[in-house]
Amino acid sequence: MKYKSILFPAITASLLLFSCNNDSSTSTTETTEKEEMTPKYVNDPHSYAEPNEAIVKHLNWTAMVDFENKQILGTANWDIETSKKATKIVFDVYGLTVNSVNVDGKEAAFTIGEFDEELGSPLSITIEAGAKMVSIDYKTGDQAKALQWLDPSQTAGKEIPFLFTQSQAILARTWIPCQDGPGVRYTYNAEVTVPKGMLALMSADNPQKKNETGVYSFKMEQPIPSYLMALSAGDIIFKAISERTGVYAEPSVLAKAVYEFEDLENMVQAAEGLYGKYAWDRYDIIVLPPSFPFGGMENPRLTFATPTILAGDHSLVSLVAHELAHSWSGNLVTNSTWDDFWLNEGFTVYFEHRIMEALYGRDYSEMLASLSKDGLMHEAHSMLQHVPNDTKLKLDLTGRNPDDGLTSIPYDKGYFFLRNIEEEVGREKFDVFLKNYFENFKFQVMDTERFLEYLKTNLLVDGQADSLKIDTWVYEKGIPANIPEVKSDRFALVDTELEGFLNSGDLPATETTDKWTTHEWLHFINHLPEAIDLSKLAQLDAAYGFTASGNSEISAAWFQPTIRNSYEPVYAKVEDFLINVGRRKFLTPTYKALIESGKKEMAQSIYEKARPNYHAVARDTMDELLKS
Ligand code: BES
Ligand code: ZN
């Protein structure tokens, strides 16, 4: 099967709907006269590539992972297609040293353009129209921001170093010369050499066992954008959960991970029941060391996950549902540029909640929705003061780091936008619509305008776009007044108990709290008043052991009222947590709480110790936050 990208620019809705173009049978490298005149690929402000002139189709990657020098030595052999008038092919590179370039077997001229701090440089290679293969021999630089090289002391086993990558949004170019925009898809094969005793894994068909040689082969047969390129190497072992799902982790972490994810197969089945067959064959998860800067990353076939979701009671597995959901929203139907990021994340949060509802019931998923709404209202409020334009669903990230778009807007405003539509048209219709959407646009990109057109043509009836305030949601700042109500009886009970405690000092009855899950506790902690007596914090701590909690979400939530009210018994835990956990979602609010409550020096002194443990993307954010 051959996959084809979406036409650009705007084409009529009917064409959009039915030009399910992923089976064009010709495989000529030259395009027709007519196509030649209409650029197929959008201009991506975060990539130097010019895919309308020459585009990659398949990668054969050979690499040696050198832990001693903390670099990757690689050869990227790209099969390409060119337009009739092509004279060059442009790749994105960031800090790569390019040793030599061949085009169809002959040495070719190349230039590396000016370096930009966010974007890196264009690598421009001279070609002739009709050129078939470009081979780039290179090594990574010191500033390879996607890569985190961990010393043995930063791993669970403490004996063998570890490497993982994080390519999204625009960091794939720091370890592979590539056309690094979400609109360019390609298949890949790889042969990766790692030190003996290590297992290497990619976003591909993966080995399940170490071998003697340290050389591993990979194949990704479905076309993916470069931000889904991923590699991990270390003392990693595997255990199956079902025929097609399983878990990778360091040996001492594996059993806990297998227990935590025992519902994995059920999740995949629930997801398939909602929106169609899983397209990527296997679904595995690797649990990484705690410095992984995100909760999870939807690398195809192999989700990368933080160990901070191993709570021991399955309570944080919605993150797995989220990354799994990306196998449809994001990995199949991909945001056209990072300005349309909400199409990846908003759909994924919606889908995540639906998976959780299918498995654990509506009262469970309504707790998730309520937490999401609280977080959204809180963040939107502050963003409206500082970065009001970033509260629109459709972003404008030109000239900025796409990381700036990583707020609860694309996630939770995106979620509530979709939920609003679901509630208006009814779930049955909405589900049919979404299933067709994924099927019609699989292996293609989507942008906001085309999605809205598709929505209006295929789901909404006259007047509904207006009554739903579609354009207000997408193109205006803030949170529209018609945001759906979330009805959580379980949280209503928590509210009653919290009120009782704050008014009378009486703790809720044990029979009540015995039934509470992590989510109820999060709601309880998040709703403590901003200023609260130390005696009340101490009373809660004595009763529920929040400071000593092993649940990362509860810890991070508890740090807020305690730090802000200078509850000293929590300080040692805060320090320990910040040094050991590199998940940015926890770091940012915790350091902010320290700074905003007059403890910047304490924050800086902790950061000095913690910084070496953080991945570059977390470091960049914290450097900014903590600068003097
Ligand atoms: N794809 C994102 C992570 C990401 C986004 C990394 C943009 C870099 C740039 C991933 O699916 C995600 O959303 N992770 C969340 C988890 C989630 C349950 C909301 C996270 O890491 O917290
Ligand atoms: Zn996501």
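**Exercise 1.** In this predicted model, where does Ser566 lie, and what is odd about its phi?

*Solution.* Start with the position: Ser566 sits in the loop that runs between α17 (552–564) and α18 (571–580). Now check the backbone: phi is positive, about 55 degrees, even though Ser566 is not a glycine. Last, look at accessibility: the relative value is 31%. Buried needs under 20% and exposed needs over 50%, so Ser566 counts as partly exposed.

**Exercise 2.** Find the place of Arg301 and decide: is Arg301 buried or exposed?

*Solution.* Go to the loop between β18 (296–297) and β19 (302–305); that's where Arg301 is. Phi of Arg301 is near 70 degrees, again a positive value in a non-glycine residue. Its relative accessible area is 9%. The cut-off for buried is under 20%, so Arg301 is buried.

**Exercise 3.** Which peptide bond is cis at Ala169?

*Solution.* Look in the loop between β10 (162–165) and β11 (185–193), the place of Ala169. The bond from Gln168 to Ala169 has omega near 0 degrees, and that makes it cis.

**Exercise 4.** Work out which protein donors hold the zinc ion (ligand 2) and how they are spaced in sequence.

*Solution.* First, pick out the donors: His322 (NE2), His326 (NE2) and Glu345, listed twice through OE, at 2.0 to 2.7 Å from the zinc ion (ligand 2). Next, the geometry: angles among the six donor atoms run from 53 to 159 degrees, and the site is irregular. Then read off the spacing, H-x3-H-x18-E. His322 belongs to helix α5 (residues 318–325) and Glu345 to helix α6 (residues 341–360), so this pair ties together parts 23 residues apart in sequence. Both His322 and Glu345 are buried.

Conventions:
Residues numbered from 1 in each chain as written. Chains lettered and ligands numbered in written order. Predicted model: local features only at pLDDT ≥ 70, side-chain atom pairs only at ≥ 80, totals over all residues. Heavy atoms only, no water. Helix = DSSP H or I, 4+ residues; strand = E, 2+ residues; numbered from the N terminus. Buried < 20%, exposed > 50% of the residue type's maximum accessible area, 1.4 Å probe, protein only. Donors = N, O, S within 2.8 Å, 3.2 Å for Na, K, Ca; no water. Tetrahedral: all angles 85-135°; square planar, octahedral: opposite > 155°, others 65-115°.
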